Amino acid sequence: MSDLGKEYHIAGATVRKVQEQYLHHVPPSFLYPTAKSEEIKALEPALALVDMDEDRDTLVVSIHTWLVRTPDHVILIDTGSGNDKERPSNPIFHHQAIPFLDRLRDAGIEPEEVDFVVNTHLHVDHSGWNTVLRDGKWLPTFQNARYIFPRAEQKYYSSVASHNDANMHSLGVYEDSVRPVIEAGLADFIDCTGGPFLDRFTFLPTPGHSVGHMSVLLELDNEAAIFGGDVMNHPVQVGRPDLNTVFCEFPDQAVQSRRRVLEFAVNNRATYFSTHFPGSSAGYVTREGEKFRWTYA
Ligand SMILES: [Zn+2]
């Protein structure tokens with residue numbers, strides 16, 4: 001039995017994390033190449049114990065899926081990096097064998113019970129479990145689901161324009177984790193303006209980390225939550241929203257989207273569900289003067 005983590009009840013839905021993996025010993029100088037080491041050191045007192053390894057020099061990063069259950073639907077938001085994928089240029093994700101689907105079952109959901117799969121964007125660690133390898137073929141993992149992709153992401157990653165240095169880590173993802181879903185007729189697309197989805201969700205355009213990155217707002221009866229994808233990759237960026245990661249493809253837009261989401265989270269007292277923060281991966285943003293502050297929930 002895996003550790004299921006906490007169940008959150010928000011806006012008439014339940015939200016639970018299904019863990020894929022933790023990455024340890026991530027050097028801040030790798031994740032935030034534009035930050036000087038003393039700038040990261042200055043942030044350390046505001047970081048929680050779980051945010052860093054015991055050495056307090058390197059960062060912990062989580063990769064997981066959010067399982068959201070409303071009275072009518074089962075929804076997965078982001079699908080980790082997946083098993084058996086060919087990622088020779090990205091050894092962490094190359095030929096993985098992780099019991100992720102067992103953990104989903106431990107959380108009470110069989111793959112065929114999933115109604116919707118949302119990818120905030122189409123990077124390597126957000127769309128992996130879209131597909132599984134069966135008899136040498138990539139097939140949709142969630143055969144009864146509609147998969148929701150941002151249209152701009154589908155366009156960009158299916159073209160050679162995406163074959164650049166910033167996107168090197170996600171080469172091959174479109175071919176093994178997105179195209180098979182589209183070919184199976186299971187894909188729907190969200191335009192770059194975002195908008196309402198089902199009975200209590202809204203897609204919020206948050207481009208920058210990637211070309212058509214979408215956040216997902218869950219809202220009902222004055223309760224709100226945001227699934228922010230890679231608007232932020234670590235609590236470091238709550239304290240320093242101006243810092244982009246090495247994976248942010250469009251830096252200026254990424255900073256604007258990050259500030260907008262932080263403001264929104266504060267103003268709406270929204271629970272923020274991150275795709276990479278460690279620990280519970282969920283929490284609240286508050287404002288202290290000009291600064292934002294992160295508290296795990
Ligand atoms: Zn990511």
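## A walk through the fold, starting at helix α5

Select residues 173-183: this is helix α5, and its buried residues are Val173, Tyr174, Asp176, Ser177, Val178, Pro180 and Val181. Keep in mind as you click around that you're looking at a predicted model. Look at how the numbers of those buried residues are spaced. An α-helix has 3.6 residues a turn, so residues three or four places apart point the same way.

What do the buried residues of α5 pack against? Switch on β6 (131-134), β7 (137-140), β8 (146-150), α4 (151-157) and β9 (187-190), and you have the packing partners in view. Before you leave, click on Gly185, just after α5, where phi is positive at about 75 degrees.

**Zoom out**

Now show the whole protein. Colour by secondary structure and you can count 7 helices and 16 strands. The C-alpha atoms fit in a box of roughly 50 × 45 × 40 Å along the principal axes. Does that go with a compact globule or against it? For 297 residues, a compact globule would have a radius of gyration near 19 Å, and this protein comes out at 18 Å, so the two agree.

Of those 297 residues, 57% count as buried. Take the contacts between residues at least 6 apart in sequence: 68% of them join residues at least 24 apart. Next, turn on the surface. It has about 12,600 Å² of accessible area, with 52% belonging to carbon and sulfur atoms. If you colour by charge, you'll find 26 positive and 41 negative side chains, and the centres of the two sets lie 3 Å apart.

**Next stop: His234**

Select His234, in the loop between β13 (223-227) and α6 (236-239). Is His234 buried or exposed? It's buried, because its relative accessible area is 0%, and the cut-off for buried is under 20%.

Now show what surrounds it. Leaving out residues up to four places away in sequence, His234 touches Leu31, Tyr32, Leu47, Asp51, Leu59, Val60, Val61, Phe277 and Pro278. Draw a distance line from the His234 side chain to the backbone oxygen of Asp51, and you should read 2.8 Å.

**Two loops with a twist**

Most residues other than glycine have a negative phi, and most peptide bonds are trans. With that in mind, try the next two selections.

Pick Ala11 first, in the loop between β1 (7-10) and β2 (13-26). Its phi is near 55 degrees, a positive value in a residue other than glycine. Ala11 is buried too, with a relative accessible area of 1%.

Then jump to Arg269, in the loop between α7 (251-267) and β14 (271-273). Arg269 isn't a glycine either, yet its phi is positive, about 45 degrees. Where Ala11 is buried, Arg269 counts as exposed, at 75% relative accessibility.

**Last stop: Glu263**

Finish with Glu263, in helix α7. This one is partly exposed, with a relative accessible area of 31%. Which residues does Glu263 touch, not counting those up to four places away in sequence? Show Arg287 and Phe292, and there they are.

Zoom in on the side chains of Glu263 and Arg287: a polar contact of 2.8 Å joins them. For one more check, draw a line between the C-alpha atoms of Glu263 and Thr286. These two are 23 residues apart along the chain, and their C-alpha atoms are separated by 9.0 Å.

How values were computed
Residues numbered from 1 in each chain as written. Predicted model: local features only at pLDDT ≥ 70, side-chain atom pairs only at ≥ 80, totals over all residues. Heavy atoms only, no water. Helix = DSSP H or I, 4+ residues; strand = E, 2+ residues; numbered from the N terminus. Rg over C-alpha atoms; globule rule 2.2 N^0.38 Å. Buried < 20%, exposed > 50% of the residue type's maximum accessible area, 1.4 Å probe, protein only. Contact = heavy atoms within 4.5 Å. Areas by Shrake-Rupley, 256 points an atom, 1.4 Å probe, with all protein chains shown as cover. Lys, Arg positive; Asp, Glu negative; His and termini not counted. Charge placed at Lys NZ, Arg CZ, Asp CG, Glu CD. Polar contact = N/O pair within 3.5 Å; in protein donor to acceptor, adjacent residues only side chain to side chain.
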